[in-house]
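This report covers contacts at three levels: between domains, between chains and between helices. The sequence and structure come first.

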Amino acid sequence: MQRTSPRACLARKVSAALLFAALPIAAVAQTAAPAAAPVNLGIVSFLTGPAAGPFGIPGRNSAEIMIEMLNAGKVPAPYATVGLAGAKITPKYVDEAGSTANQVTEFRNLVQRDGMNAIVGYISSGNCLAVAPVAEELKALTVFWDCGTPRIFEERPLKYVFRATPHATMDNVAAARYVLKKFPDLASFSGINQNYAWGQDSWRDFVAAMKALAPKATVDKELLPKLFAGEFGAEISALLTTNSKVVHSSFWNGDLESFIVQSSARGLPARSTMVYTAGETAMFRLGAKIPDGTIIGARGPHGVMAPDTPLNKWFRQVYEDRFATAPTYPAYHMAQSILGLKSAWEKAAAAKGGQQPAIDDVIKAFEGLEFEGPSARIRMAIGNGHQGIADIAYGSFRFNKAENKAEIVDIVRYPAECVNPPANMTSTAWLEAGMPGAKCN
Amino acid sequence: MTGLRILLGAAILGGLGAAAPFTPLWLISLVTLAMSTGLVVCGLIILWRGGLVPFGQALFFATGAYTVALSGRWFGVTDAFLLIALAVIMAVLVAFVVGFLLAQYREIFFAMLSLALSMILYGVLVKSETLGSTDGINVAQASFFGMMPRGPGYTFALFWLALGMVFAAWVGVSAYLGSVAGQLAGAIRDNEIRVEYLGISVTRLVHLKLTISAALAGAGGALAALSISHVDPQMAYWTTSGGFVFVTILAGAASVPAAFLGALLFEIVRTIAVALLPGGWQLILGSVLLLTILFVPEGLGSLMIRKRVTVSGREAA
Amino acid sequence: MITVIAIVTDGLVYAAWLFVVAIGLTLIFGVMKILNVAHGAFYAFGAYAAATAIGLYFDRGWPVAGGYLAIATAAVAIGLVMGYILERVFLRRVYGRDEVVVVLITYALFLILEDVLILIWGTDGRSAYQPYTEAGSFTVGGLPLSVYDIGLVGFAGLLAIASALTIKRTTFGRLLTAVIYDRETAAAFGVNVTRVYTVTFLIGAVLGALGGALTAPKISVTPGIGVEVIVLAFAVVAIGGMGSMEGALVGALIVGLFRAGAVHLIPQLELFSIYAVMALVLVFRPQGLFSRVQPRKI
């Protein structure tokens, strides 16, 4: 130690005080220092094609804003740290359009050529199923953010793949519960779903849940038009000739909007109440075109059905400021997937004393993790701790003429255990057994 | 086709195989997938020389791919060679049966009917919920001589398998194109009736061509299924067939190696386009196709051939 | 009874739509021997143009009736512009090349135009429902029907009659017939084949765009709508006989009624119905239902 003059001492005190005041900034600056190499994150989403508008672009936009805000350390608690445990995120966006062969090739390119540390991707269930084994082969941490099929973790245990977003069984179980709350004496119902895996699975799950909850209700018409058919005249006539009080549909995007317009023009809503399990993406675009009383789901308690937490308020605010539209559920799915990855990353980093974790550490931390999404608490409770479950909400549509605003009223929130299979059962087996162990209060 | 050229081809492919461990893995996977497309395109070249362009070759491609997936899933077959053999047999069977119908047709009608057939397979697959409908099913990992290589080893094994298939296809198709039946293709294209007057059944010849091309498409589908580890109905959709015709145009019908180079080029252009312009890669792909047709009408293969003709003064097989 | 009414009306509505979409395709094929994959792009651009036009029109609060005029104007305008560019810049270079090569040119153009569409209009869906919903509905035998749908059937009928009259009664129609039967002979007799080609392609493009424009009010106009239409239109044209107008009409009717019947009676078959009909027809009538016997050139 050197001897110092009183003046120097004062100067040191001042600088120490200044330093102290600047500590939080310094801490941030330090963790963002070049010491922590940036984390390369591949983001895969539909940027072209029919799924881009309703899902792909909101998801991509959500990723863009979340990554930007995380890098700036501007996300509210508990996510206020910079990037992933101090390492900034460098995103690379890839289009999900094209064949599964293309997707698998691009996945390999992302991991092996572009050196991505983790991938957050895939809307199409087919792509998720195809990519999962490759992710295992390449030992690449992959978070599926929007695909719905329960098959991902039910067919075989996976180590490197996670999905924070709950699977689609929940959507249809909750739909059945909500329908029966509104129509306790329902005698019969019909369904119109697109003829591909998503539509077929949704309808099968809905029927199974109805059978368990209201064994007396029968199925009138089971319509499975071609995906992107656009024209539903014959289907609407067929529905008009039944006496179903309720019609289930997992339509999305163009087909959903076309069907709403065409069926309204022909008076179908006056005879049957429609249930749209993925209806939320269309409610702002169609507004008053959607008949009041239509039952709407959002694949989770997202969008206007989300609770009023600070994180949610912040998310809606930044999203609306940037993109001039409210975030729909795909935006929430992306945000919660990235936050899940961040939580796991930082939990692993904390275990290593703040150092950047290895991928295997992140995986260990991700398994069984619980974290807050903007709209719900997510628990990685099933699929060996790789599949998230969360609450879900359903509600009825109402167009508020006074404020010229689309609203959802009569919102019912179902706890995760009420609408998801337990960890030791596949969703099909659970539904067929009559949903044993469902806890709804 | 001379012994010398076979030797040369074997040497080139052997060199590629030896270079594999020093090549980035993603590139090897990409080349393997391109080779599977190349196999299908080889079959298209055979048809094209006879003036036939199927818009439904995905029928045989998907048949091969699903045969691999289902043999593994239902019967526990894991041997890669056996899987590919089964896929080829199934594709040939399908082609043999539908050939009785398809071989009656020419030109655009042949194209449309083959399209309809492949779309019917697509519809059946989409309807099959036990096969995962549009989501498709995973393909179990294959074994090689009883061994189950993991990780990069599997990628190499598939790549070497692909090289072997390419070699076999190259020798086989070149031999066929050089045979009387193969040489008659141009005659069929120019004037079928004259060929009939020579006492040759054009219908049977077309049937044969279709069956050979289906065998190649089935092999391509099998290789694709193994290398992607997943099959889905999209493999039978008309856009898949369109992609094969696309590559055929890119490569040209002039030579067999061009089919593989064309497929490789297509895959590289596509992956660069996706990386360059995530929201507009179809634009790049379409432009490449357009420019090729307008300015290199005989396909990229013709550029190679022209050179060789001037060197050796002989037409290439 | 109500099911029968439903099958017939649904079938007719669907057939009307198919006919409007397919007639442009079959016209271009008949005259120019081009199987125009870019027809799907005409359809999509027509739909987007109409949606934009309807949006602009109704934003000003003008009377509903004029909205239909806006649709037609948008379709004709975009069809003419696109048809002209495609024919002049690309197709003219490849007349006389292999049919299949020309198909691929149009395939390439289709791929490009799909992305151009996104560049112009973005990935979000467009909607312009006013002409459809404002038209209202009426009830037949307990089944509510949309006036717009029935109007579409009427329009398709008029289109069929008009095209038949044009072919049979006008000079241009006779020129067309001459070119359809034998291009070289027609040229030898002094028919300006290139001009006939240009005009035909323009008409075909306008019809394709019109198909999209008329559909726009019923659907959410999204990227990718063109892909679905191409194969459907191909199927209709193949059933009816490539290049035949009456074939397109009959093909559309068969497919429309068959599909409506399938939806009402055996919904499982809906997905296959069109291809099954197509394969069946082609097995028994390889050249489609209405096709001329081709002279054999020896």
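## Domains, chains and a helix pair

In this predicted model, the centres of domain 1 and domain 2 of chain A, taken over C-alpha atoms, are 27 Å apart. Domain 1 of chain A covers 39-167 + 307-389, and domain 2 covers 169-306 + 391-432. Each of the two gives 26 residues to their contact. On the domain 1 side, α3, α5 (125-138), α14 (329-351) and β12 (377-382) of chain A each give two or more residues. β12(A) has the largest share there, with 3 residues.

Chain A also touches chain C. The contact joins 33 residues of chain A to 37 residues of chain C. On the chain A side, α3 (52-72), β7 (218-223), α9 (233-240) and α10 (253-265) each supply at least two residues. α10(A) gives the most, with 7 residues.

Within chain C, helix α1 (residues 2-32) packs against helix α10 (residues 225-240). Their axes come within 9 Å and cross at roughly 70°. Angles of 65 to 115 degrees count as roughly perpendicular, so α1(C) and α10(C) are roughly perpendicular to each other. From α1(C), the contact includes L18(C), V21(C), A22(C), L25(C), T26(C) and F29(C). They meet V229(C), L232(C), A233(C), V236(C) and V237(C) in α10(C).

The table gives the residue classes.

| Residue set | Nonpolar | Polar | Charged |
|---|---|---|---|
| Domain 1 of chain A, side touching domain 2 of chain A | 15 residues | 9 residues | 2 residues |
| Chain A, side touching chain C | 12 residues | 13 residues | 8 residues |
| Contact of α1(C) with α10(C) | 10 residues | 1 residue | no residues |

Key:
Residues are numbered from 1 along each chain as its sequence is written. Chains are lettered from A and ligands numbered from 1 in the order in which they are written. This is a predicted model: local features need pLDDT of at least 70, side-chain atom pairs count only at pLDDT 80 or more; totals for chains, interfaces and linings use all residues. Axes are lines fitted to C-alpha atoms, for helices over the stretch in contact, and angles run from 0 to 180 degrees between N-to-C directions. Helices (H or I, at least four residues) and strands (E, at least two) are DSSP runs, numbered from the N terminus. Angles under 35 degrees count as roughly parallel, over 145 as roughly antiparallel, 65 to 115 as roughly perpendicular and the rest as oblique. Two residues are in contact if their C-beta atoms, placed from the backbone, lie within 7 Å. Ala, Val, Leu, Ile, Met, Phe, Trp, Tyr, Cys and Pro count as nonpolar, Asp, Glu, Lys and Arg as charged, and the others, Gly among them, as polar. Domain bounds come from an automatic or database domain assignment.
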